[in-house]
Amino acid sequence: MRAVYCSIDPATTILEVAVHKGFDILDTVAHVLTSLTITDPSRVHVVDPTAIPNPNWLHPGNPSAGQQAYGDALLAQHKFVLLPSAVSIHSWNLIFVASAAAGAFSLRSQERFALDTRLHPPIKAV
């Protein structure tokens with residue numbers, strides 16, 4: 001299912017993008033950090049980590065068919081789904097289908113993203 005996958009804090013957002021694209025891409029390709037406001041926070045369904053059918057889903061890896069079906073079902077039932085990040089179990093990701101959540105969120109800000117260059121250091125001569 002096509003959905004918006006974001007984090008509730010900028011640091012987790014950076015890690016989520018880096019784990020999929022790499023710090024080199026964040027350093028060399030322009031990115032925009034976008035922040036939004038959910039108009040009615042009671043519409044956010046918080047997934048209790050202990051209620052997830054397979055605890056391995058909370059660890060990095062390729063999603064299984066069961067994991068995808070579970071996520072699809074959650075998104076069919078709720079405008080917004082908040083669940084733990086596999087990158088950092090103490091951080092949270094927010095997932096929603098933009099068309100289904102239209103009118104339930106608003107753009108707060110957008111800014112040009114600038115990676116701390118220490119996260120993509122130069123190659124050291126050998």
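## Model and confidence

pLDDT is the predictor's confidence in each residue, on a scale from 0 to 100. The protein chain has a mean pLDDT of 93, and 99% of the residues score at least 70. Confidence is lowest in α1, with a mean of 92, and highest in strand β3 (residues 44-46), at 97. Where pLDDT is low, predicted coordinates should not be read in detail.

This is a predicted model, in which local features need a pLDDT of at least 70 and side-chain atom pairs count only at pLDDT 80 or more, whereas totals for chains, interfaces and linings use all residues. Residues are numbered from 1 along each chain as its sequence is written, and side-chain values use heavy atoms, with hydrogens and water left out.

## Overall architecture

The protein chain contains 3 helices and 6 strands. These elements are DSSP runs numbered from the N terminus, with helices (H or I) of at least four residues and strands (E) of at least two. Along the sequence, their order is β-α-α-β-β-α-β-β-β. Taken along the principal axes, the C-alpha atoms fill a box of roughly 55 × 35 × 25 Å.

Of the 126 residues in the protein chain, 24% are buried. Here buried means under 20% relative accessible area, exposed means over 50%, and partly exposed lies in between (1.4 Å probe, protein chains only). A contact requires heavy atoms within 4.5 Å. Among contacts with a separation of 6 or more in the protein chain, 66% are between residues 24 or more positions apart.

## Asparagine 93 and serine 91

Asparagine 93 is located in strand β5 and counts as buried because its relative accessibility is 2%. Its side chain takes part in polar contacts, defined as a pair of N or O atoms within 3.5 Å; within protein, one atom must be able to donate a hydrogen and the other to accept it, and residues adjacent in sequence count only if both atoms are side-chain atoms. One such contact, of 3.1 Å, links the side chain of asparagine 93 to that of tyrosine 5. Another, of 2.9 Å, links the side chain of asparagine 93 to that of glutamate 16. Not counting residues up to four places away in sequence, asparagine 93 also touches residues including Cys6, Ser7, Thr12 and Val81.

Serine 91 occupies the loop between β4 (80-84) and β5 (92-96). With a relative accessibility of 13%, serine 91 is likewise buried. The side chains of serine 91 and threonine 12 form a polar contact of 3.1 Å. When residues up to four places away in sequence are not counted, serine 91 touches Asp9, Thr12, Leu83, Pro84 and Ser85.

## Threonine 37 and glutamine 67

Threonine 37 belongs to strand β2 (residues 32-38) and is partly exposed, at 29% relative accessibility. Threonine 37 and serine 106 are 69 residues apart along the chain, yet their C-alpha atoms are separated by 5.3 Å. Beyond residues up to four places away in sequence, threonine 37 touches Ala104, Phe105, Ser106 and Arg108. With arginine 108, threonine 37 makes a side-chain to side-chain polar contact of 3.2 Å.

Glutamine 67 sits in helix α3 (residues 65-77) and is partly exposed, at 23% relative accessibility. Outside its neighbours within four places in sequence, glutamine 67 is in contact with Trp57 and Asn62. The C-alpha atoms of glutamine 67 and isoleucine 52 are separated by 9.3 Å, with these positions 15 residues apart along the chain counted as their distance apart.

## Surface and charge pairing

The protein chain exposes about 8500 Å², of which carbon and sulfur atoms supply 59%. Accessible areas come from the Shrake-Rupley method with a 1.4 Å probe, and for residues only the protein chains shown count as cover. Leu15, Val19 and Val87 form a nonpolar surface patch with about 220 Å² of accessible area together. Patches comprise residues with over 30% relative accessible area and no salt bridge; like charges are joined within 9 Å, and nonpolar side chains (Val, Leu, Ile, Met, Phe, Trp, Tyr) within 5 Å. Leucine 15 lies in helix α1 (residues 10-21) and is partly exposed, at 37% relative accessibility.

Side chains of opposite charge can pair when their charged atoms come close. A search of the whole structure finds 1 salt bridge, defined as a side-chain nitrogen of Lys or Arg within 4 Å of a carboxyl oxygen of Asp or Glu. This salt bridge joins arginine 118 to aspartate 116, with the closest N and O atoms 2.4 Å apart. Arginine 118 is exposed, at 67% relative accessibility, whereas aspartate 116 is partly exposed, with a relative accessible area of 33%.
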